[in-house]
Amino acid sequence: MARAFSKKAAQPINATPVQYTEDSFATRSYLPAIASGLATSMSHFFENARELIKGNRPDPIMEPLADGVTTVAYPEQKRPYPERFRGVHRLTQREDGSPRCVACLCCSTACPAQCILIDAGEYPEGDKRRGYERYPVRFVIDELRCIFCGYCVEACPCDAIRMDTGAHAAPYDSREQFIYDKEMMLSFASRDGQHVTENPRHEPGDAGHPGLSRDEH
Ligand code: SF4
Ligand code: SF4
């Protein structure tokens with residue numbers, strides 16, 4: 001049977017052989033490496049102890065605890081979270097307590113974990129918001145699938161979803177309890193207890209509403 005390709009000629013070996021060296025018994029026993037690791041750990045221990053005794057242990061993260069130790073007795077004590085810590089989601093409210101969300105689906109589209117489910121609804125005939133925006137009939141986030149990337153917050157054009165609660169998901173014992181619904185997320189407040197946001201919002205029909213006018217278009 002004819003060969004589709006000619007056989008490739010053998011290439012001359014052009015390499016320098018590496019000499020295999022036998023490790024010593026000490027190396028194979030890991031004892032020098034263990035001793036070296038212990039020496040490093042103990043040097044840190046004694047240095048920290050010396051700084052602690054002198055009263056100038058530099059640990060700005062732990063300073064609010066002000067008890068002079070680096071061990072946190074969680075959950076009685078907690079490390080202060082950074083200002084931009086992403087906690088569980090909250091849905092921000094309008095002045096009347098309704099969600100700012102207009103069910104545009106930007107957040108669920110941006111979500112890489114696909115853990116946001118929104119059912120969008122139309123406002124009824126005669127409502128000034130009908131035709132301008134929709135509202136979330138159902139807004140659900142599976143906090144177990146969420147990777148807390150914050151993309152949903154960045155994608156939202158209405159400042160309607162935030163992760164500034166400063167809280168992480170409670171240790172529930174069933175999967176269903178990690179499914180946060182609209183009412184639950186609307187009830188969460190920011191770290192400073194706010195349900196609204198500072199960003200201005202213009203309702204359809206207001207004089208300052210920047211959207212298109214139905215009368216002119
Ligand atoms: S934080 Fe990220 S993964 Fe979680 S809901 Fe928002 S976009 Fe999805
Ligand atoms: S939370 Fe924001 S991005 Fe998500 S549907 Fe509502 S308005 Fe759109």
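## Fold, core and ligand shells of a predicted chain

In the protein chain, 68% of the contacts between residues at least 6 apart in sequence join residues at least 24 apart. Two residues are in contact here if their C-beta atoms, placed from the backbone, lie within 7 Å.

This is a predicted model: local features need pLDDT of at least 70, side-chain atom pairs count only at pLDDT 80 or more, and totals for chains, interfaces and linings use all residues. Residues are numbered from 1 along each chain as its sequence is written, while chains are lettered from A and ligands numbered from 1 in the order in which they are written.

### Layout

The protein chain holds five helices and five strands. Helices (H or I, at least four residues) and strands (E, at least two) are DSSP runs, numbered from the N terminus. Their order from the N terminus is α-α-β-α-β-β-α-β-β-α.

Of the 217 residues of the protein chain, 12% count as buried. A residue is buried if 20 or more other C-beta atoms lie within 10 Å of its own, exposed if 12 or fewer, and partly exposed in between; the C-beta atoms are placed from the backbone.

Helix H2 covers residues 31-54. Its 24 residues reach 34 Å from first C-alpha to last, close to the 34 Å expected at 1.5 Å a residue. That expected span is 1.5 Å times one less than the number of residues. The number of buried residues in H2 is zero, so the helix lies largely in the open. Just after H2 comes Gly-55, with a positive phi of about 80 degrees.

### The sheet

Three strands form an open sheet in the order S2-S3-S5, with antiparallel pairing. Strands S2 (116-122) and S5 (179-180) are the edges, each pairing on one side only. Two strands pair if DSSP finds at least two bridges between them. Strands of a sheet pair through backbone hydrogen bonds, either parallel or antiparallel.

Seven bridges join S2 to S3. Here Glu-122 stands opposite Arg-134 in S3. Two bridges join S3 (residues 134-142) to S5. Asp-142 has Ile-179 as its bridge partner in S5, and Ile-141 stands opposite Tyr-180.

### The core

Which residues of the largest nonpolar core touch the most other members? They are Leu-91, Cys-101 and Ile-161, in a core of 16 residues. S2, S3 and helix H5 (182-187) are the elements that give two or more residues to this core. A nonpolar core is a set of buried Ala, Val, Leu, Ile, Met, Phe, Trp, Tyr and Cys residues joined through C-beta atoms within 7 Å.

Ile-161 is found in strand S4 (residues 161-162). It counts as buried, with 24 C-beta neighbours inside 10 Å. Not counting residues up to four places away in sequence, Ile-161 touches His-89, Leu-91, Cys-101, Cys-107, Cys-152, Val-153 and Cys-156. Leu-186 is 25 residues from Ile-161 along the chain, and their C-alpha atoms are separated by 9.4 Å.

With the same exclusion of residues up to four places away, Cys-101 touches Leu-91, Pro-136, Phe-139, Cys-158, Ala-160 and Ile-161.

### Ligand shells

Shell membership rests on nearness: a residue is near a molecule if its C-beta atom, placed from the backbone, lies within 6 Å of it. For the classes, Ala, Val, Leu, Ile, Met, Phe, Trp, Tyr, Cys and Pro count as nonpolar, Asp, Glu, Lys and Arg as charged, and the others, Gly among them, as polar.

| Ligand | Residues around it | Closest residues | Classes |
|---|---|---|---|
| Ligand 1 | 14 residues | Cys-111, Cys-146, Cys-149, Tyr-151, Cys-152 | 13 nonpolar, one polar, no charged |
| Ligand 2 | 13 residues | Cys-101, Cys-104, Cys-106, Cys-107, Cys-156 | 13 nonpolar, no polar, no charged |

Cys-101 is thus listed among the closest residues to ligand 2 and among the core residues that touch the most other members.

### Loops

Most residues other than glycine have a negative phi, and most peptide bonds are trans. Leu-105 is not a glycine, yet has a positive phi of about 75 degrees. Leu-105 sits in the loop between strand S1 (90-91) and helix H3 (106-110). It is partly exposed, with 14 other C-beta atoms within 10 Å.

Gln-114 also has a positive phi, of about 50 degrees. Its place is in the loop between H3 and S2. Buried or exposed? Gln-114 is exposed, with 10 other C-beta atoms within 10 Å.

Gly-131 lies in the loop between S2 and S3. This glycine is partly exposed, with 13 other C-beta atoms within 10 Å. Gly-131 and Pro-204 are 73 residues apart in sequence, but 9.6 Å apart in space, C-alpha to C-alpha.
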